[in-house]
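Biologist: Please take a close look at a single helix in this model. Tell me how its sides are used and what lies around it.

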Amino acid sequence: MRLSARVDYALRAAAELAAASGGPVTAEQLARAQAIPGKFLENILTQLRRAGLVRSQRGPVGGYWLARPATEISLADIIRAVDGPLANVRGERPEHVDYDGAARSLQQVWIALRASERAILETVTLDHVAGNKLPESVRVLAEDPEAWAS
């Protein structure tokens, strides 16, 4: 899986918003806290707002905050908002890609890959990340990446 800079920045900014406990945070504060280029972050925050994941308010007491509790926003929600579907092949859902001959089983690999990504990214929330309390299954896998094979 390749994560774009846009996704990395979006996840980091959203984690900062989750840690802010609901109060407004300016884009400048977010950019400074996570060393994210300001203009790039503004575009990302716009995408997150359009997806209904963050809210914003202009003015001297303005800023951004999560539109829902951090416990209800998964990493998958953020990724989809800024980069689209978690796994696709040439812009298509894996179920819609057909292969012939020796490559025939690749479709099943892509479907399994997406399911594996979703099993983690839809389970881990911004609350987990901001609170440094990842689910046990994720911590175990991170500590021993070969554990999934057993």
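Modeller: The buried residues of α3 pack against α1 (5–19), α2 (27–34), β1 (54–57), β2 (63–66) and α4 (75–83). Keep in mind that this is a predicted model.

Start with the helix itself. α3 covers residues 38–50, 13 in number. At 1.5 Å a residue, that should give a span of 18 Å. The C-alpha atoms at its ends lie 18 Å apart, so the expected span and the model agree.

Now its sides. L41, I44, L45 and L48 are the buried residues in α3. Viewed down the helix axis, the buried residues fall within an arc of 100°, so they line one face of α3. The general rule is simple: an α-helix has 3.6 residues a turn, so residues three or four places apart point the same way. On the face of α3 turned away from the buried side sit K39 and R50, both exposed. Just after the helix comes G52, with a positive phi of about 80°.

Two of the partners of α3, α1 and α4, also pack against each other. Their angle is about 135°, and their axes are 9 Å apart. An angle of that value is neither over 145 nor within 65 to 115 degrees, so α1 counts as oblique to α4. The crossing is right-handed. From α1, the residues R6, V7, A10, L11 and A14 take part in the contact. They meet L75, I78, I79, V82 and D83 of α4.

Key. Residues are numbered from 1 along each chain as its sequence is written. This is a predicted model: local features need pLDDT of at least 70, side-chain atom pairs count only at pLDDT 80 or more; totals for chains, interfaces and linings use all residues. Side-chain values use heavy atoms; hydrogens and water are left out. Helices (H or I, at least four residues) and strands (E, at least two) are DSSP runs, numbered from the N terminus. The expected span of a helix is 1.5 Å times one less than its number of residues. Buried means under 20% relative accessible area, exposed over 50%, partly exposed in between (1.4 Å probe, protein chains only). The arc is that of the directions from the helix axis to the C-beta atoms. Contact means heavy atoms within 4.5 Å. Axes are lines fitted to C-alpha atoms, for helices over the stretch in contact, and angles run from 0 to 180 degrees between N-to-C directions. Angles under 35 degrees count as roughly parallel, over 145 as roughly antiparallel, 65 to 115 as roughly perpendicular and the rest as oblique. A crossing is left-handed if the near helix is turned anticlockwise from the far one by less than a right angle, and right-handed if clockwise.
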